[in-house]
Amino acid sequence: MDLKSRLDPVLSTARESGRQVDAEAAFPRDAVAALRDSGLLGLTLPEEIGGLGGGPRELVAVVSGLAGACGSTAMIYLMHVSAAMTVAAGPPDEWPDMLPALATGRSLGTLAFSEAGSRSHFWAPVSKAQHSGSDVRVDARKSWVTSAGFADVYVTSTGSADSDGVDLFAFPSETPGLAVAGQWHGMGLRGNASTPMTFEVEAASTYRVGAPGGGFDLMLGTVMPWFNLGNAGVSVGLSTAATEAAVRHTSAAQLEHLDQSLSSLPTIRAQLAKMSIDLASTRAYVEQAAGRIAEPADDTVLHVLGVKAAANDAALRITDTAMRVCGGAAFSEHLAIDRYFRDARAGHVMAPTADVLYDFYGKAITGQPLF
Ligand SMILES: Cc1cc2nc3c(=O)[nH]c(=O)nc-3n(C[C@H](O)[C@H](O)[C@H](O)COP(=O)(O)OP(=O)(O)OC[C@H]3O[C@@H](n4cnc5c(N)ncnc54)[C@H](O)[C@@H]3O)c2cc1C
């Protein structure tokens, strides 16, 4: 698969609009249109339905490249891949065209899981489907939905009407009862349109993804591996962009009275070294995790839990150091380091949050049940 020729035009569009998307908190329409044209929306879906047949390693390559150009575009893309892989794991029979549309770029997907009542514990929706005549009615309020109002397919969760389990549904945007219910104003990923939404859908069963009550297993077995890995990839992309910008700036900026650059100050270059080493070890762990998801092994679960937390924390450290070594030049925004710093904060709080993942990882290595 020639990823580069597909990705390059998207990167140049995303780079061109990245600053404006951030400044105006505008949805990155041009970059998303370029993604649709590139075929990359089908990156990890099978070739038989129009996808590219790529895997976890290709996902990391694409999202980390995108994050350096425009963090919002990278996260919109990742939510699409996470939604598309979930639909692929249990496509609704009565919507045979849904998956090919997600694979070929006709449809942009997203996940609508978080609810105010269970906050970042997305695996435990407090909403519950109800029996309505011979079918079920979904009535759920979702607190953050990336691409709200812009996506074509919303994969959402709710308590099952028949059990204590969770049901997942994939609703096309034109389904009666879907509404954007608020405004998005975030510190980072400002173009993400991560707005609340309401889902009040009658006769919902034809949109069900997977088996009734099977949502929890899909969240753990499908959503978490793809989302956690991709989210780690976004963190690596932001960390790479911040490190490169910091090296560039500190090498060029002069202390004319001393006839030396900022990077010739021992304190500054030691900080640059720490960033670079932190980035290299994080990237290696993310690549290792991609391999464990592509070719499952005994420690795959640990990698799924650890990779997002590790990369999210590294991104906080690295982008913070980039702000520090570049001083006022970073503070005044023209290096874009402030954008990487703000965008990096989002990955950390996106569920499963880094701190929840550390807790799960600790449970896993001490033989305690995760839930
Ligand atoms: C930019 C952005 C885009 C988003 N897009 C989507 C989307 O498309 N779809 C979607 O469903 N959601 C989305 N979300 C929501 C996200 O996944 C989280 O649900 C949300 O950020 C959680 O915020 P909260 O304040 O409610 O978390 P809280 O649950 O209140 O967490 C607050 C703090 O408590 C910590 N904490 C909570 N539980 C534990 C625990 N058991 N152990 C240790 N620490 C814990 C957390 O780590 C966090 O530090 C998005 C969020 C952001 C910021």
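Biologist: Which atom of the T353 side chain is 2.6 Å from an oxygen atom of the ligand?
Modeller: That partner is an N or O atom in the side chain of T353. The pair is a polar contact (a pair of N or O atoms within 3.5 Å). Please note that this is a predicted model, in which local features need pLDDT of at least 70 and side-chain atom pairs count only at pLDDT 80 or more, while totals for chains, interfaces and linings use all residues. Residues are numbered from 1 along each chain as its sequence is written, and side-chain values use heavy atoms, with hydrogens and water left out.

Biologist: And what about H121 and the ligand?
Modeller: An N or O atom in the H121 side chain is 2.8 Å from a nitrogen atom of the ligand. For W144, a polar backbone atom is 3.1 Å from a ligand nitrogen atom.

Biologist: How much of the ligand does the protein bury?
Modeller: The protein buries 73% of the 980 Å² that the ligand exposes when taken alone (Shrake-Rupley method, 1.4 Å probe).

Biologist: How many residues surround the ligand?
Modeller: There are 20 residues around the ligand (a heavy atom within 4 Å). The closest are F113, S114, R119, S120 and T353.

Biologist: Different topic. Which residues does the cis peptide bond join?
Modeller: The cis bond joins A351 and P352, with omega at about 0°. P352 lies in the loop between helices α9 (337-349) and α10 (354-365). Helices here are DSSP runs of H or I with at least four residues, numbered from the N terminus.

Biologist: What is the phi of A25?
Modeller: A25 has a positive phi of about 50°, although this residue is not a glycine. A25 belongs to the loop that connects α1 (3-24) and α2 (29-38).

Biologist: Now the helices. How do α7 and α8 cross?
Modeller: The axes of α7 (residues 266-294) and α8 (residues 300-331) come within 9 Å and cross at roughly 160°. Axes are lines fitted to C-alpha atoms over the stretch in contact, with angles from 0 to 180 degrees between N-to-C directions. The two helices are therefore roughly antiparallel (over 145 degrees).

Biologist: At what angle do α4 and α6 cross?
Modeller: The axes of α4 (residues 71-89) and α6 (residues 215-252) cross at roughly 160° and come within 9 Å. That makes α4 roughly antiparallel to α6.

How values were computed
Angles under 35 degrees count as roughly parallel, over 145 as roughly antiparallel, 65 to 115 as roughly perpendicular and the rest as oblique. A polar contact is a pair of N or O atoms within 3.5 Å; within protein, one must be able to donate a hydrogen and the other to accept it, and residues adjacent in sequence count only if both atoms are side-chain atoms.
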